[in-house]
Amino acid sequence: MKSFKMLLALSLITITGMGVQQLVEAQQPQAEGSQRDQLRIAAQQICPVTGQKLGAHGKPLKVKVGKESVYLCCKGCLKSKVSPQHWATIHANYAKAQGKCPVMKKPLPQKPKWTIVDGRIVYVCCPPCTKKIAADPETYLSKVDALYSANLRK
């Protein structure tokens, strides 16, 4: 678990100057157009390479960058570099779409802690919450999906 600022700094160091192709591992999507994928696409909003709205170039492509699963706007982005600015925006978008800690149901602090579960970044209000998520990941990923759904409708 790390602070939000540390996550962004480490992520930016990792991706700066490297092509997505060097960092990406193509993934099998869950069921075609699954609700979980659709929620994550809506929460992410933009491509980490171009900054364009996901879906602007067809169905987004699910890839793995480091330990995180994210979406690209098209296959063409596999040959390009991730923008540090877009990467930071994506993480801010995920935190905003989540809004609350899935364990304590409290609003996320300004600099939330986080953990990566099944390729997904999950923000929490405090370090002990990451242990609870690790003990029952699917329950808490479902809670994050519910938070995304509720917040994205607003």
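How do β3 and β4 pair, and over how many bridges? In this predicted model, they pair in the antiparallel sense, and five bridges hold the pairing. The close-ups below start there.

**Close-up 1. β3 and β4 make a hairpin.**
Two residues sit between the strands. Gly66 is in that turn, and its phi is positive, at about 65°. To trace a bridge yourself, start at Val65: its bridge partner in β4 is Glu68. Now look at how β4 sits in its surroundings. Five of its five residues are buried, so the strand is largely enclosed by the rest of the structure. Both of its faces are covered. Glu68, Val70 and Leu72 are on one side, Ser69 and Tyr71 are on the other, and every one of these is buried.

**Close-up 2. Helices α3 and α4 pack against each other.**
Here you're looking at α3, residues 35–44, and α4, residues 84–98. Their axes are 8 Å apart and make an angle of about 120°. Which residues make the contact? From α3 come Arg40, Ala43 and Gln44, while α4 brings Ile90, Asn93, Tyr94 and Ala97. Sort them by class and you get four nonpolar residues, two polar ones and one charged one.

**Close-up 3. Cys47 and His86 touch each other.**
Stay with α4 for a moment, since His86 lies in that helix. Is His86 buried or exposed? Its relative accessibility is 18%, and the cut-off for buried is under 20%, so His86 counts as buried. Leaving aside neighbours within four places in sequence, His86 is in contact with Ile46, Cys47, Pro48, Val49, Thr50 and Gly51. Seen from the other end, and with the same kind of neighbours set aside, Cys47 has contacts that include His86 and Ile90. Cys47 also reaches Gln52, Leu54, Tyr71, Leu72, Cys73 and Cys77. Two of those names, Tyr71 and Leu72, should ring a bell: they are the buried β4 residues from the first close-up.

**Close-up 4. The largest nonpolar core has 36 residues.**
A bit of background helps here. In soluble globular proteins, nonpolar side chains tend to be buried together. In this core, which residues touch the most other members? They are Cys47, Tyr94, Cys101, Tyr123, Ile133 and Tyr148. Plenty of elements chip in with two or more residues: the helices α3, α4, α5 (127–135) and α6 (137–153), plus the strands β3 (61–65), β4 (68–72), β5 (113–117) and β6 (120–124). The largest share, five residues, comes from α4.

**Close-up 5. Ala95 is a buried residue of α4.**
Ala95 has a relative accessible area of 14%, so it counts as buried. What does it touch, leaving aside neighbours within four places in sequence? Its contacts are Leu108 and Tyr123. You met Tyr123 in the previous close-up, among the core residues that touch the most other members. Gln110 makes a handy landmark too: it is 15 residues from Ala95 along the chain, and their C-alpha atoms are separated by 9.9 Å.

**Close-up 6. Salt bridges join Arg36, Arg120, Glu138 and Asp145 into one network.**
Side chains of opposite charge can pair when their charged atoms come close. The structure holds four salt bridges, and this view follows some of them. Begin with Glu138 and Arg36, whose closest N and O atoms are 3.0 Å apart. Glu138 is in α6 and Arg36 is in α3, so you are looking at a link between distant parts of the chain, 102 residues apart. Glu138 is partly exposed, at 43% relative accessibility, whereas Arg36 is buried, with a relative accessible area of 14%.

Next, Arg36 also forms a salt bridge with Asp145, at 2.6 Å from N to O. Asp145 sits in α6, 109 residues from Arg36. From Asp145, carry on to Arg120: their side chains meet in a salt bridge at 2.9 Å, N to O. Arg120 belongs to strand β6, and 25 residues separate it from Asp145 along the chain. How buried are these two? Asp145 counts as buried at 11% relative accessibility, and Arg120 counts as buried at 3%.

Conventions:
Residues are numbered from 1 along each chain as its sequence is written. This is a predicted model: local features need pLDDT of at least 70, side-chain atom pairs count only at pLDDT 80 or more; totals for chains, interfaces and linings use all residues. Side-chain values use heavy atoms; hydrogens and water are left out. Axes are lines fitted to C-alpha atoms, for helices over the stretch in contact, and angles run from 0 to 180 degrees between N-to-C directions. Helices (H or I, at least four residues) and strands (E, at least two) are DSSP runs, numbered from the N terminus. Contact means heavy atoms within 4.5 Å. Ala, Val, Leu, Ile, Met, Phe, Trp, Tyr, Cys and Pro count as nonpolar, Asp, Glu, Lys and Arg as charged, and the others, Gly among them, as polar. Buried means under 20% relative accessible area, exposed over 50%, partly exposed in between (1.4 Å probe, protein chains only). A nonpolar core is a set of buried Ala, Val, Leu, Ile, Met, Phe, Trp, Tyr and Cys residues joined through side-chain atoms within 4.5 Å. Two strands pair if DSSP finds at least two bridges between them.
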